[in-house]
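Work through the exercises below with the coordinates open beside you, and try each task before reading the solution under it.

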Amino acid sequence: MANVKFPSAAPARYAASVWLLLVLSLAFLISIKETAAFSSPLPSAALRHKQQHVLLSSSSDDDATSKLLEKARKLREEVSAVEQSKAEVQKQNDAKEQAQREAEMEAQKEKDQQRLRYSAEVPILKDMGDEVMERVDFPPRLKGGKSRIVTIQAPLPLGLVLGEDEAIPGLTSVDEVAAEGNGAAAGVKQGDIVRAITACQTTMETPTWQLLAGGIGQPKTKRFMYSVDGRPLEEVLDAIGSNRMDVQARDV
């Protein structure tokens, strides 16, 4: 190996360079440490504080969510209770309406039965001379609801003895019934009350052309229902006897 010789001043300059490098290296190391210090993570206490803040925030959000869910649950329960209450009220109203309808139907049924009990289809003479069968109501004359209206047809003579009730003026009753008479055969019984009978009336009808020619017209017999209620007994007997004028000889 060849030996290298330096001048006498070289060792001093070499030593100064070495010291300068050491100082620069030390400064560089210090700068690196300071930079590392500034860029290092937060201290453990600050980290724990930040973590606690995050946990508290998350817990607050959970509590708010739970409260909202609880309010929603209570609201659903309230709505359900209201709907159940409305349904119960509607059910009660429907039951009341059904009971009312049934009561009305029952009342109408009783009314119809009452009308059938105290009414009868009888021949009614119309204005044009036509005779039409219509149902006529006869309000009950006796109390207790045990009476009823019955239609009976029988030819003359009836074989009945009629009388006027002393307790109820204008009430014509059957006092006697001949055992072999037409009335008994038709079902008339002693104690029955006469409410209406057929009667006949003869009137003179004159066509217009006869009136213009000075004619007097011609008789025509009409048959109609005669109400006995409140009529004198003599008038009732005359009405029964008038049925002999019926040209068709129909039953009374």
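The exercises that follow concern a predicted model, and each task is followed by a worked solution.

**Exercise 1. Overall layout**

Task: State how many helices and strands the protein chain has, and in what order its elements run from the N terminus.

Solution: Begin with the count, which gives five helices and seven strands in the protein chain. Next, follow the elements from the N terminus on, where the order reads α-α-β-β-β-β-α-β-β-α-β-α. Then turn to burial, for which 15% of the 252 residues of the protein chain count as buried. The protein chain exposes about 19800 Å², of which carbon and sulfur atoms supply 58%. Finally, consider contacts between residues at least 6 apart in sequence, among which 52% join residues at least 24 apart.

**Exercise 2. A sheet and the helix across it**

Task: Determine the order of the strands in the open sheet that includes β4, and find which strands are at its edges.

Solution: The sheet has three strands in the order β3-β4-β5, with antiparallel pairing. Its edge strands are β3 (160–164) and β5 (193–194), each of which pairs on one side only. Looking at one pairing in detail, strand β4 (residues 172–177) is joined to β5 by two bridges, and the two run antiparallel. In this pairing T172 stands opposite V194 in β5. The last step is to place the helix: α5 lies across β3 and β4, and its direction makes an angle of about 150° to β3.

**Exercise 3. The nonpolar cores**

Task: Identify which residues of the largest nonpolar core touch the most other members, and which elements give two or more residues to this core.

Solution: The largest nonpolar core has 15 residues, and those touching the most other members are L162, V194, I197, Y226, V228, V236 and I240. Two elements, β6 (196–205) and α5 (233–241), give two or more residues to this core. Of these, α5 supplies the largest share, namely four residues. To see how one member is placed, take V194 and set aside its neighbours within four places in sequence; the remaining contacts are with L162, T172, V174, V228 and D229. A second core, separate from this one, has five residues, including Y118, V122, F138 and I149. As background, nonpolar side chains in soluble globular proteins tend to be buried together.

**Exercise 4. Salt bridges around R73**

Task: Find which side chains meet R73 in salt bridges, and explain how the positions along the helix relate the partners.

Solution: The count of salt bridges comes to eight. In one of them the side chains of R73 and E70 meet, at 2.2 Å from N to O. Because R73 and E70 are three residues apart in helix α2 (residues 44–117), about one helical turn separates them. In another, R73 meets E77 at 2.5 Å, again from N to O. Here both residues lie in helix α2, four residues apart, which is about one turn of the helix. As for exposure, R73 is partly exposed with a relative accessible area of 32%, E70 is partly exposed at 31%, and E77 is partly exposed at 44%.

A further salt bridge joins the side chains of R250 and D246 at 2.8 Å, N to O. R250 is partly exposed at 28% relative accessibility, whereas D246, with a relative accessible area of 8%, is buried. Salt bridges that share partners join E70, R73 and E77 into one network.

**Exercise 5. Local details in the backbone and after α5**

Task: Classify S242 and A249 as buried or exposed, and locate the cis peptide bond that precedes P157.

Solution: S242 lies in the segment after α5. With a relative accessible area of 11%, S242 falls under the 20% limit and is therefore buried. Leaving aside neighbours within four places in sequence, S242 is in contact with A199 and C200. A249 is also found in the segment after α5, but its relative accessibility of 61% is over 50%, so A249 counts as exposed. Phi of A249 is near 55°, a positive value in a residue other than glycine.

The cis peptide bond runs from L156 to P157, with omega near -5°. P157 itself lies in the loop between β2 (131–137) and β3.

Conventions
Residues numbered from 1 in each chain as written. Predicted model: local features only at pLDDT ≥ 70, side-chain atom pairs only at ≥ 80, totals over all residues. Heavy atoms only, no water. Core = buried A, V, L, I, M, F, W, Y, C linked by side-chain atoms within 4.5 Å. Buried < 20%, exposed > 50% of the residue type's maximum accessible area, 1.4 Å probe, protein only. Contact = heavy atoms within 4.5 Å. Salt bridge = Lys/Arg side-chain N within 4 Å of Asp/Glu carboxyl O. Areas by Shrake-Rupley, 256 points an atom, 1.4 Å probe, with all protein chains shown as cover. Pairing = 2+ DSSP bridges. Axes fitted to C-alpha atoms, helices over the stretch in contact; angles between N-to-C directions.
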